[in-house]
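Dear colleague,

I am passing on the structure below, and after it you will find my notes on what turned up. Please read them with the model open beside you.

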Amino acid sequence: MKITVHSSKLVKPAYAAGSGATPSAGEAVPLTVFDKVNFDQYISSVNLFHPPAPPIAALENSLAMALATHRECAGRLGLDAAGRRHVILLNDAGARLVEATTDVALAPVSPLEPATLEVLSLHPSGGSGCVSELLMVQVTRFACGSFSVGTTVQHLISDGRGWRRFFVAWGKATRGAAVDAAAIVDRAAIFVPRNPPLVQLEHRGVEFKPRCEATGSVVNHGNSSDEVVVRRLQFSREMVSELKSMASSVGAPRPYYSSTLKCIVAHLWQCITRARGLRRGEVTALHLAVDGRSRMRSPPVPVGYTGNVVLLARPATTARELVAMPLQRVVELICREVSRIDESYFRSFIDFASSRAVEKEGLVPAADATEMVLCPDVEMDSILGMPVYELDFGAGPPFLYMPSHAGRGLRVHRAIWL
């Protein structure tokens with residue numbers, strides 16, 4: 001599949017006349033404690049749409065309108081005036097828009113698989129160290145009239161839910177609908193530590209680690225020359241029903257029958273661990289992202305907040321225990337650990353991350369995009385709950401959405417995409 005790029009330009013915010021917006025190029029937004037412990041990397045995805053495709057001029061104009069209500073997306077990462085704190089510079093430098101076409105129809109190259117050259121060519125690359133844009137999009141028209149919108153975004157300024165909200169706003173602007181402004185710009189005012197702080201739980205070795213451990217090392221219990229392969233797995237209705245039934249035996253204290261995701265993830269964790277042939281006493285952990293938007297209530301996270309609000313749950317056990325467990329017990333282990341990452345945990349994290357202990361002890365974020373951990377852990381990234389199918393440029397929602405796994409650096413190997 002040959003891709004021809006026709007244009008690549010920076011699109012800057014377009015402020016409506018009479019809106020009262022008087023942006024200053026000198027404004028900056030400090031990164032929050034959640035932003036700082038996130039992975040400093042670009043993440044990419046592809047949306048496929050049926051025809052007709054909007055004119056590129058319409059997409060450019062609507063992108064400029066959406067950027068005016070979400071200024072962080074058009075900014076740059078930098079330091080504050082004192083050169084100490086990492087901030088988002090609200091300098092309206094712009095987002096990159098790439099226009100491309102391909103000489104083939106979509107049907108002959110379908111189904112598209114993640115991390116293949118075909119998919120990687122459908123969005124801008126964020127892998128280069130010279131990239132400064134926080135948002136890059138590529139619109140590619142196929143010979144059949146279908147089109148794709150590939151996105152590459154900086155994870156430090158927003159999680160998946162936040163970025164998706166911006167893309168929904170872009171689609172609304174394209175259709176001529178009202179665009180909702182981002183909930184709040186002053187991120188630092190949202191996650192304020194309590195007075196006095198109350199660190200009730202352990203965050204050393206979880207969200208933070210000693211600086212001496214931040215070596216960008218490779219931890220691989222297999223053959224270091226093994227090729228990393230990304231595969232898309234599909235489960236039949238019958239298999240899903242069987243897994244849910246196994247996880248919901250009669251007499252269970254809590255019904256897990258409705259938790260399709262947890263049942264599938266529990267099954268995959270067991271299968272992967274069994275296939276790896278780990279030592280019986282070796283500990284394996286499952287990394288799951290937990291969204292704090294629905295957990296923090298006092299005060300709540302503003303509706304529509306577009307920054308990062310995610311911490312990881314890490315259920316763990318030995319390889320011997322995991323492969324021997326009934327599926328119901330594995331699901332219970334996952335649910336118990338996810339439930340532990342509640343409001344108390346999020347508030348405790350804010351208090352600790354805002355304290356002098358982090359700087360005094362030389363702690364750094366445990367999330368390190370330079371590390372490659374093939375084994376013994378497994379990471380699960382879920383897009384459930386994100387407004388994936390609310391994105392509409394006028395031809396309806398995407399008929400396929402897929403993370404491409406490009407830009408995830410060396411962490412692609414341990415992600416599961418369902």
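**Helix α7 and its end**

The buried residues of α7 (buried meaning under 20% relative accessible area with a 1.4 Å probe, protein chains only; helices being DSSP runs of H or I of at least four residues and strands runs of E of at least two, numbered from the N terminus) are Cys263, Ile264, Val265, Ala266, His267, Leu268, Trp269, Gln270 and Thr273. This is a predicted model, in which local features need pLDDT of at least 70 and side-chain atom pairs count only at pLDDT 80 or more, while totals for chains, interfaces and linings use all residues. Residues are numbered from 1 along each chain as its sequence is written, and side-chain values use heavy atoms, with hydrogens and water left out. Just after α7, glycine 277 adopts a positive phi of about 65°.

**The sheet**

Six strands form an open sheet in the order β1-β6-β7-β8-β3-β17, with mixed pairing (two strands pair if DSSP finds at least two bridges between them). Because β1 (3-11) and β17 (400-403) stand at the edges with a single partner strand each, one side of each is left without a neighbour in the sheet. Strands β6 (residues 95-102) and β7 (residues 135-141) run parallel and are joined by 6 bridges, and valine 98 stands opposite glutamine 138 in β7.

**The cores**

In the largest nonpolar core, which has 45 residues, Phe34, Phe191, Ile334 and Phe349 touch the most other members (a core is a set of buried Ala, Val, Leu, Ile, Met, Phe, Trp, Tyr and Cys residues joined through side-chain atoms within 4.5 Å). Its largest share, 7 residues, comes from helix α9 (residues 327-340).

Best wishes

Conventions: Buried < 20%, exposed > 50% of the residue type's maximum accessible area, 1.4 Å probe, protein only.
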